[in-house]
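User: Could you take me through this structure?

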4 protein chains.
Amino acid sequence: MTAKMTPADIEAFLHAEFPQAFRTGGDISIESADGRSCRMRQRFNERMLRPGGTVSGPTLMALADFAMYVVLLSAIGPVGLAVTTNLNINFLRKGAAGADVLAEARILKLGKRLAVGEVTLLSGESPDPIAHVTATYSIPNA
Amino acid sequence: MTAKMTPADIEAFLHAEFPQAFRTGGDISIESADGRSCRMRQRFNERMLRPGGTVSGPTLMALADFAMYVVLLSAIGPVGLAVTTNLNINFLRKGAAGADVLAEARILKLGKRLAVGEVTLLSGESPDPIAHVTATYSIPNA
Amino acid sequence: MTAKMTPADIEAFLHAEFPQAFRTGGDISIESADGRSCRMRQRFNERMLRPGGTVSGPTLMALADFAMYVVLLSAIGPVGLAVTTNLNINFLRKGAAGADVLAEARILKLGKRLAVGEVTLLSGESPDPIAHVTATYSIPNA
Amino acid sequence: MTAKMTPADIEAFLHAEFPQAFRTGGDISIESADGRSCRMRQRFNERMLRPGGTVSGPTLMALADFAMYVVLLSAIGPVGLAVTTNLNINFLRKGAAGADVLAEARILKLGKRLAVGEVTLLSGESPDPIAHVTATYSIPNA
């Protein structure tokens with residue numbers, strides 16, 4: 001599958017359509033997106049920590065959801081109205097304070113009405129995932 | 001089951017142990033908690049909206065996760081180290097801009113090592129849920 | 001919401017369209033179905049046990065999936081092609097050997113394209129659920 | 001990680017401890033298991049079909065659950081009492097009538113109390129998954 005939008009296209013679209021998506025000041029960047037998978041990086045900041053100094057669950061859920069939207073945009077082009085219908089997250093390990101969080105999203109199925117994908121969340125350079133997400137997006141009618 | 005902590009106990013515990021939990025300036029309050037269920041209210045603010053003016057998914061996931069923790073505290077007393085291991089959310093309807101978000105959490109099983117619950121998320125006065133969550137917490141050894 | 005099909009209608013439809021659904025010899029019956037919820041009973045048989053003498057996970061998953069389909073039929077009428085897209089199950093307690101398994105399904109959202117529901121699984125007369133399921137069905141275009 | 005049991009060890013253990021697990025007459029075989037992942041094959045038989053001639057959901061859920069147990073045995077050795085606590089399945093495509101079903105399971109986290117894994121389900125030679133599962137097992141105390 002060829003990407004319908006490059007990472008730069010996607011960032012431009014998101015900045016124009018959803019300025020809030022980047023309201024955290026550029027903390028999140030799209031490292032790659034090819035129509036089947038994408039890789040996102042959220043730079044470490046103190047706001048992503050929960051008590052105890054580990055990365056909070058809501059931070060991970062929000063990043064995973066965003067990564068799924070980005071890989072979907074790369075697959076189907078600029079569709080502003082796709083919405084998440086289901087998200088399942090397993091929290092596996094603590095994310096280290098000070099480390100960026102990476103999200104690697106992959107499309108499992110791209111249907112006409114639903115897209116399903118999985119997202120692996122990583123902390124810094126460690127190969128062991130800190131969380132794993134599956135999510136479903138509903139795609140509006142063309 | 002009798003509650004081990006009242007809503008006031010829980011708020012005091014959370015303020016002392018996890019000041020960040022209320023960093024949003026008192027937006028979230030515990031309306032009730034009885035050892036089996038709880039009801040939380042997140043007052044409307046613009047920050048909870050996503051593009052299009054509806055309540056964002058991460059807002060709902062974070063509130064549901066918090067409500068599960070509050071009902072667990074009311075059931076087992078002050079346990080700072082319980083962690084979410086799994087959270088599954090189905091997004092059902094759009095939450096209205098301007099309306100508070102309510103979370104009604106209920107414990108389905110309270111075991112020695114795991115607690116499982118469900119959370120219904122509501123928008124303002126509407127009886128139709130905007131999202132439904134099931135979540136599992138791992139309870140540290142006594 | 002008024003039911004589009006009664007329990008007897010649904011059983012007749014299932015017997016005609018999906019004889020396999022009842023191939024276990026009438027073990028499963030529809031106790032009620034009203035367009036919003038339904039209650040199913042699977043009579044105890046040895047085949048539903050796993051090693052250790054408790055009710056097997058696949059038995060519970062299959063019954064929950066079937067209950068969701070039945071409540072959906074009662075809500076929207078005879079639609080043969082609805083398919084499950086997501087099912088999440090939390091196993092809570094052991095189901096007793098010798099006891100029937102009950103499934104109480106409830107629709108959380110009935111949309112044009114997707115229906116979401118939850119199912120509580122019970123063992124015999126015990127009020128404590130042995131499992132809890134949420135499931136999504138995709139509804140074919142009219 | 002080194003496997004604690006080979007596929008032959010696991011089959012012998014399962015036959016001795018859980019004869020029911022293979023009651024379908026050897027339809028399911030362990031093609032590989034190495035302490036981190038495993039691959040299972042369920043030979044096609046008519047009983048795995050649902051109306052419409054596609055592989056049934058319960059067949060896929062049962063095989064995925066079994067594959068998670070097998071990879072766990074290969075990782076931690078003969079532990080008869082591990083139980084599934086959560087299983088989430090996304091149904092992606094129809095499995096073809098006549099084709100074997102393959103399950104490729106992979107451990108995402110092996111903790112002292114919980115193991116989390118994912119399972120990709122495939123139909124015959126097709127590379128496109130027909131379902132994707134994440135599951136959590138609770139490991140009894142040593």
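Analyst: The following exchange covers the basis of the model, chain A and the sheet. This is a predicted model, in which local features need pLDDT of at least 70, side-chain atom pairs count only at pLDDT 80 or more, and totals for chains, interfaces and linings use all residues. Residues are numbered from 1 along each chain as its sequence is written, chains are lettered from A and ligands numbered from 1 in the order in which they are written, and side-chain values use heavy atoms, with hydrogens and water left out.

User: How many helices and strands are in chain A?

Analyst: Chain A has two helices and eight strands, where helices (H or I, at least four residues) and strands (E, at least two) are DSSP runs numbered from the N terminus. Along the sequence, the pattern in chain A is α-β-β-β-β-α-β-β-β-β.

User: What percentage of chain A counts as buried?

Analyst: Of its 142 residues, 56% are buried, meaning under 20% relative accessible area with a 1.4 Å probe, protein chains only. The C-alpha atoms of chain A fill a box of roughly 45 × 30 × 25 Å along the principal axes.

User: Turning to the open sheet, what is the strand order?

Analyst: The 12 strands run β1(C)-β2(C)-β6(C)-β7(C)-β8(C)-β5(C)-β5(D)-β8(D)-β7(D)-β6(D)-β2(D)-β1(D), with antiparallel pairing; strands pair if DSSP finds at least two bridges between them. β1 (28-33) of chain C and β1 (28-33) of chain D stand at the edges with a single partner strand each, so one side of each lacks a neighbour in the sheet.

User: How many bridges join β7 and β8 of chain D?

Analyst: Eight bridges join β7 (residues 114-123) of chain D to the antiparallel β8 (residues 131-138) of chain D. D:V119 stands opposite D:V133 in β8(D).

Terms used:
Buried < 20%, exposed > 50% of the residue type's maximum accessible area, 1.4 Å probe, protein only.
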